[in-house]
Amino acid sequence: MINYQQRRWRISVRGIVQGVGFRPFVFGLAERWGLAGFVRNDSAGVTIEIEGEEGLLHEFVTALQREAPPLARIEQVSVEPLALLGEREFVIAASQTQAQRRTLIAPDTATCADCLREITDPTDRRYRYAFTNCTNCGPRFTIVLDVPYDRANTTMRSFPLCARCRAEYEDPRDRRFHAQPTACPVCGPQVRFFRGASGVEMDSHSDPLIAAATALAHGQIVAIKGLGGYHLACAADDEAAVRRLRQRKQREARPLAVMACDVEMTARLCVIDPQSHALLTSPARPIVLMPRRPDAPVAPSVAPGMQTLGVMLPYTPLHYLLLADYAAVIGSQRVAAIVLTSGNLSDEPIAYEDEDAAQRLGAIADAFLTHNRPIHMRCDDSVARVAAGGPLLIRRSRGYAPTPITLAHELPCPILACGGHLKNTFALARGREVFLSHHIGDLENLPTLRSFHEGIAHFQRLFEIVPEVVAFDLHPGYLATQAALAMPIERKIGVQHHHAHIAAVLAEYGHTGPVIGIAADGSGYGPDGTVWGGEVLVATCAEYERVGHLRPLTLPGGEQAVRQPWRVAAAALAQLYGPDFWRLALPFTRQLDQAAWQVLARMIERSLNSPRTSSLGRLFDAAAALAGMGQIARYEGELAILFEQIADPQQPPYPMPLREPAITGGPFILDGLALLAALVDDLRAGVAPAAIAGRVHHGVAQALLAACRRVRDERGLTTVALSGGVLQNVLLLETLADALRADGFTVLIPRLAPPNDGGLALGQVAVAGARLRCA
């Protein structure tokens with residue numbers, strides 16, 4: 001029964017509710033039920049004051065949450081009664097800035113279907129306009145300067161609206177009502193095309209997009225200014241162009257991403273399962289890693305040695321129009337897909353400012369397709385794949401950041417987490433919200449470190465978070481750690497690397513622990529003075545115990561052994577067979593540089609720069625090198641990645657025994673050397689590398705299953721959290737997860753943050769918060 005008594009309520013809505021069409025949505029709901037009052041943006045979200053019959057107000061609040069716009073994310077709705085004012089109409093009021101900011105900023109979002117129809121309709125005034133957007137799509141995070149999220153606080157403030165755009169912007173019934181980046185060819189940003197870095201522009205009567213498409217079709221490399229920075233592009237089926245791009249960019253072998261014109265073209269390149277299709281077409285539009293078709297018409301140098309391709313769909317009008325023009329220029333005999341890789345030299349941050357791009361990319365690109373809408377915050381493409389029944393983020397950036405990850409418990413105070421050294425992200429957190437940053441990259445040079453500091457300052461300003469605690473990795477050599485220790489924040493909390501990996505998973509699932517944690521990666525600072533990376537932990541967010549680990553291997557030359565896995569393999573053979581291991585009749589030993597090995601052998605004997613490591617990543621490196629995948633890694637984990645690519649999943653496991661601890665009460669040992677010995681026996685028997693790779697993967701999975709059973713028997717724990725960069729290996733992850741579930745374990749796999757070091761900052765926040773609560 002409807003309650004006809006008149007009431008006035010103040011409704012406060014928190015979440016991603018600005019710049020996503022929320023106010024016109026509220027206006028429409030109020031019109032539907034004939035309610036009066038107002039809605040406005042403020043620094044905390046959206047405030048609604050509304051009056052009418054009480055029963056209708058209840059229906060209004062229900063619809064507010066059930067029917068919210070597609071890009072909105074409502075975190076909290078609170079209602080308080082007010083005195084009736086007797087208003088007769090509902091209006092959208094001007095934004096209001098408050099003392100405390102709690103607004104959430106939406107990520108950049110792929111072009112919606114309505115805007116696509118406009119840019120492809122010759123009768124529409126936005127036909128072929130590369131900056132078409134509305135409240136349901138377009139740039140957000142990369143253009144926002146401050147909050148509230150109004151046009152004056154974005155990089156669009158230098159483009160005054162024309163009369164027709166102004167009318168749309170001010171009409172609450174229009175989908176461009178207060179769409180802050182909205183524009184048209186009359187009043188908005190414009191595209192330019194020029195050759196070389198000199199800025200010599202093409203004929204003004206020509207279409208820049210068609211000119212760029214033609215350049216790509218003719219084998220040229222084009223630097224393209226996108227949402228979060230510049231990309232470098234070339235034809236995906238032109239081997240000479242791809243090789244030239246690799247040479248100029250100094251990216252020798254790491255796979256390159258491809259942008260295909262549509263899903264149908266993507267299906268010519270890859271096998272698309274339903275979950276991959278959902279990722280591929282989601283508003284975030286990440287690069288999606290999928291199985292490559294054997295006859296995929298792309299150049300061999302796009303992804304050498306890989307049975308997967310990373311493909312994304314267009315996500316801005318500029319990309320849609322460029323790919324359509326490219327398809328028209330090349331005709332049906334070629335593939336309508338281009339390589340689209342970050343605009344930088346290897347190990348540098350992506351270029352996003354025009355002058356910097358011209359300087360840094362001028363020697364790489366033959367031409368530039370650019371525009372005059374400034375980018376305020378650089379933001380790389382996100383990378384994802386489907387694994388173990390769900391999405392697995394490899395890089396969480398454009399389309400996801402800065403959407404917060406919500407914790408189960410309130411933090412005692414605001415926290416800054418500085419993340420790790422490789423694949424760095426930072427996090428700022430308050431209340432239950434963790435704002436995990438966009439991808440910063442490897443902190444190995446001054447430009448990337450500067451990007452790290454700029455990102456932290458921007459997040460602090462946007463979300464008005466003044467951290468009272470800074471959390472950091474224990475490795476004293478990490479630039480992120482050094483930055484944390486230098487910050488004028490009194491309370492500092494160091495977090496062990498692998499504990500952070502497991503704590504990130506616990507934070508995502510709202511699990512308090514304890515759980516069995518499998519933390520498997522390349523390396524992390526161990527409190528015992530060794531390099532960890534193959535760890536079995538019993539962990540809560542506040543604390544952890546190392547109950548098991550891999551048998552240590554030797555890293556002759558330290559970091560050089562990571563880049564040259566043959567060193568790890570040779571040291572393992574020496575450990576197994578003694579100094580004359582090189583007499584073994586193996587392809588590996590026949591190729592071994594004995595003089596170089598003798599130098600390393602003396603280093604190991606004298607304990608000079610030869611740390612010990614329990615790293616599962618290094619065990620895979622050694623196995624891959626022995627099996628013939630190569631001796632040098634041209635990018636992080638290359639040999640192990642190629643090893644996964646060739647593995648026959650139907651093979652039985654190698655033995656990897658669980659050994660009792662050397663010290664009573666100490667951690668048990670998983671004997672990876674025994675696995676390598678079985679591998680050597682197979683090599684001597686002429687077993688094919690694909691079979692060897694399959695047996696290694698299954699051997700590791702079975703050993704980790706045995707470790708979890710051991711902990712279950714001793715501690716009664718039945719939940720396992722899996723994390724670390726090695727668990728991006730889908731064959732290993734799925735084999736292990738399936739075996740654990742079949743044995744009665746509950747398995748937690750990271751879905752909201754990467755399992756690699758890109759998720760460390762989330763775990764650091766979780767550990768710091770838990771320790772503060774326990775203090």
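Q: Which residues lie nearest the centre of the largest cavity?
A: In this predicted model, local features need pLDDT of at least 70 and side-chain atom pairs count only at pLDDT 80 or more, while totals for chains, interfaces and linings use all residues. Residues are numbered from 1 along each chain as its sequence is written, and side-chain values use heavy atoms, with hydrogens and water left out. A cavity is a set of points, on a 1 Å grid over the protein atoms alone, where a 1.4 Å probe fits but cannot get out, and lining residues have an atom within 4 Å of a point. The lining of the largest cavity has 17 residues, and those nearest its centre are Ala-130, Leu-227, Thr-316, Pro-317 and Arg-373.

Q: How many residues of the lining of the largest cavity are charged?
A: Asp, Glu, Lys and Arg count as charged, Ala, Val, Leu, Ile, Met, Phe, Trp, Tyr, Cys and Pro as nonpolar, and the others, Gly among them, as polar. The lining divides into 7 nonpolar, 8 polar and, as charged residues, 2.

Q: Which residue meets Glu-67 in a salt bridge?
A: A salt bridge is a side-chain nitrogen of Lys or Arg within 4 Å of a carboxyl oxygen of Asp or Glu. The N to O value for the Glu-67 pair is 2.8 Å, and the partner is Arg-32.

Q: Is Glu-118, the salt-bridge partner of Arg-175, buried or exposed?
A: Buried means under 20% relative accessible area, exposed over 50%, and partly exposed in between (1.4 Å probe, protein chains only). Glu-118 has a relative accessible area of 12%, so Glu-118 is buried.

Notes:
1 Å grid on protein atoms, 1.4 Å probe; cavity = no way out; pocket = protein on both sides within 12 Å on 5 of 7 lines; lining within 4 Å.
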